[in-house]
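This report walks through the model shown below, beginning with the surroundings of a single residue and moving outward from there. Please keep the sequence and the structure in view while reading.

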Amino acid sequence: MRCPTLSELPPPPPGKTGWPWTEETQPIPDTMPDGAEWPKISIVTPNYNYGQFIEETIRSVLLQGYPNLEYIVIDGGSTDESVEIIKKYEPWFSYWVSEKDKGQSNAINKGLYRCNGELFNWINSDDQLLSNALLNIAIKYREETNIDVIIGGSKLYTLISGETILFDCPRKPNSPLDFLKGMMKLQMTQPATFLKSSLIKDLDGVREDLQNAFDWCFYVKALTKFRNLEIITTKSLIANIFIHPNAKTQQPFSVFVDEEEKILHELEPEFSRLEKIHLLWFYHKNKSHRLTNGIVEQYGNKNHLKFLKLASLGYKYPPIITYRYYLGALKNSLVDFWS
């Protein structure tokens, strides 16, 4: 499908201006400069009761001006205005459905196995593509051969604090160890990471028994199972990511590390000796996070008790004082203690 133009889409809600409401990416020629066909790009948007965000997401995908798009929306049976919004854009979807599912990862897989594109990504219904995102991904993909993963730049907006973080210098991971250091250090974000469709299908999609860290776990699994993945990066800004009170990333720390450790335990037999040593450090770090977080949650309203418990933890468990999370919590509790 060729992306529709701005004039073909329903008008934006009152007061909405700018990208992707009143602006569009200029239509791209039917063929690439060398006469070749543009690679078909498949995008899945999973959604459940994100009616306040999903229209902006949909428009950011449809207004790419891209000549060879396959767009699928999988709604989990939303009870808000989501379905009404989705129906407005129905003519431009390759497929959409609204029915009860088993969560976000299940919705992504349901869409994935209806996809026929060469490249694949899922764009959550509270994120958005930036103008020319698909053009930049396609050009980068065609510049080299046998590419498995393309990582682009992104902007992260924290709607809670107003902070903006720019990830404009992505660095490709070379081994599963890189993910133990955190995706922030890689400047690698999921909405700006496009995968060869055959890669994610070969790994049976994302894990449906995981609901929070399934993207992180997929990347670790891919780097473990396929040691020679061809990964490239582009500094082009591809996506906007929004952090809000209802975002998945606002879940407690423990729900992410529990899922991360689950997949790491499963993959551990395939790790090298060096990787297993790093795993011990990773588990050790997570233990300190859990201990510190538990104290902060339990004694959060009792400043003096929180400080005393954290100080006691450092005395009984000295390695914890090397972790920034613990030191930050201790510093904050000390400030509260004396305030």
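## Leu264 and the nonpolar cores

In this predicted model, Leu264 is in contact with Leu180, Trp216, Val220, Phe271, Leu279, Phe282 and Tyr283, once its neighbours within four places in sequence are left aside. Leu264 also belongs to the largest nonpolar core, which has 43 residues, and it is listed with Phe120, Trp122, Phe179, Ile200, Trp216 and Phe218 as having the most contacts inside that core. Helix 8, which spans residues 214–225, supplies the largest share of this core with 8 residues. Apart from it lies another core, of 40 residues, among them Met32, Ile58, Ile86 and Ile123.

## Overall composition

The protein chain contains 12 helices and 9 strands, and buried residues account for 52% of its 339 residues. Among contacts between residues at least 6 apart in sequence, 75% join residues that are at least 24 apart.

## Helix 3 and the strands around it

Helix 3 covers residues 104–112, and because 7 of its 9 residues are buried, this helix is largely enclosed by the rest of the structure. The buried residues are Ser105, Asn106, Ala107, Ile108, Asn109, Gly111 and Leu112, and they pack against strand 1 (41–47), strand 2 (69–75), strand 4 (119–122), helix 7 (197–202) and helix 8.

Strand 2, one of these packing partners, is itself mostly covered, with 7 of its 7 residues buried. Both of its faces are covered, since the buried residues include Leu69, Tyr71, Val73 and Asp75 on one side and Glu70, Ile72 and Ile74 on the other. Strand 1 and strand 2 run parallel and are joined by 7 bridges, with Tyr71 in strand 2 serving as the bridge partner of Ile43.

## Antiparallel pairing at strand 8

Strand 8, made of residues 193–196, pairs with strand 4 in the antiparallel sense over 2 bridges, and in this arrangement Phe120 stands opposite Leu195 of strand 8. Strand 6, residues 149–158, also runs antiparallel to strand 8 and is joined to it by 3 bridges; here the bridge partner of Ile151 is Thr193 in strand 8.

## Aromatic pairs and a charge over a ring

The structure holds 10 aromatic pairs. In one of them, the rings of Trp122 and Phe214 have their centres 6.0 Å apart and their planes at 40 degrees, so the pair is tilted. Trp122 lies in strand 4 and Phe214 in helix 8, so this pair ties together parts that are 92 residues apart in sequence. Both Trp122 and Phe214 are buried, and ring pairs link them with Phe120 into a cluster.

A contact of another kind involves Arg114, which lies over the face of Tyr95 at 3.7 Å from the ring centre.

## Cysteines

The structure holds 0 disulfides. As for the surroundings of individual cysteines, Cys115 has a relative accessibility of 2% and therefore counts as buried, whereas Cys169, with a relative accessible area of 32%, is partly exposed.

## Ala311 in helix 11

Ala311 is found in helix 11, which comprises residues 303–316, and with a relative accessibility of 34% it counts as partly exposed. Leaving aside its neighbours within four places in sequence, Ala311 is in contact with Tyr326 and Leu330. The C-alpha atoms of Ala311 and Leu327, which are 16 residues apart along the chain, are separated by 10.0 Å.

## Backbone details to inspect

A cis peptide bond joins Trp19 and Pro20, with omega at about -5 degrees, and Pro20 lies in the segment before strand 1.

Two residues other than glycine have a positive phi, namely Asn146, where phi is near 55 degrees, and Asp204, where phi is about 60 degrees. Asn146 lies in the loop between helix 4 (133–143) and strand 6 and is exposed, with a relative accessible area of 59%. Asp204 is found in the loop between helix 7 and helix 8, and Asp204 is likewise exposed, with a relative accessible area of 57%.

Technical notes: Residues are numbered from 1 along each chain as its sequence is written. This is a predicted model: local features need pLDDT of at least 70, side-chain atom pairs count only at pLDDT 80 or more; totals for chains, interfaces and linings use all residues. Side-chain values use heavy atoms; hydrogens and water are left out. A nonpolar core is a set of buried Ala, Val, Leu, Ile, Met, Phe, Trp, Tyr and Cys residues joined through side-chain atoms within 4.5 Å. Buried means under 20% relative accessible area, exposed over 50%, partly exposed in between (1.4 Å probe, protein chains only). Helices (H or I, at least four residues) and strands (E, at least two) are DSSP runs, numbered from the N terminus. Contact means heavy atoms within 4.5 Å. Rings of Phe, Tyr and Trp (its six-membered ring) pair if their centres lie within 6.5 Å; planes under 30 degrees apart count as stacked, over 60 as edge-to-face and the rest as tilted. A charge sits over a ring if NZ of Lys or CZ of Arg is within 6 Å of the ring centre and within 35 degrees of the ring normal. A disulfide is a pair of cysteine sulfur atoms within 2.5 Å. Two strands pair if DSSP finds at least two bridges between them.
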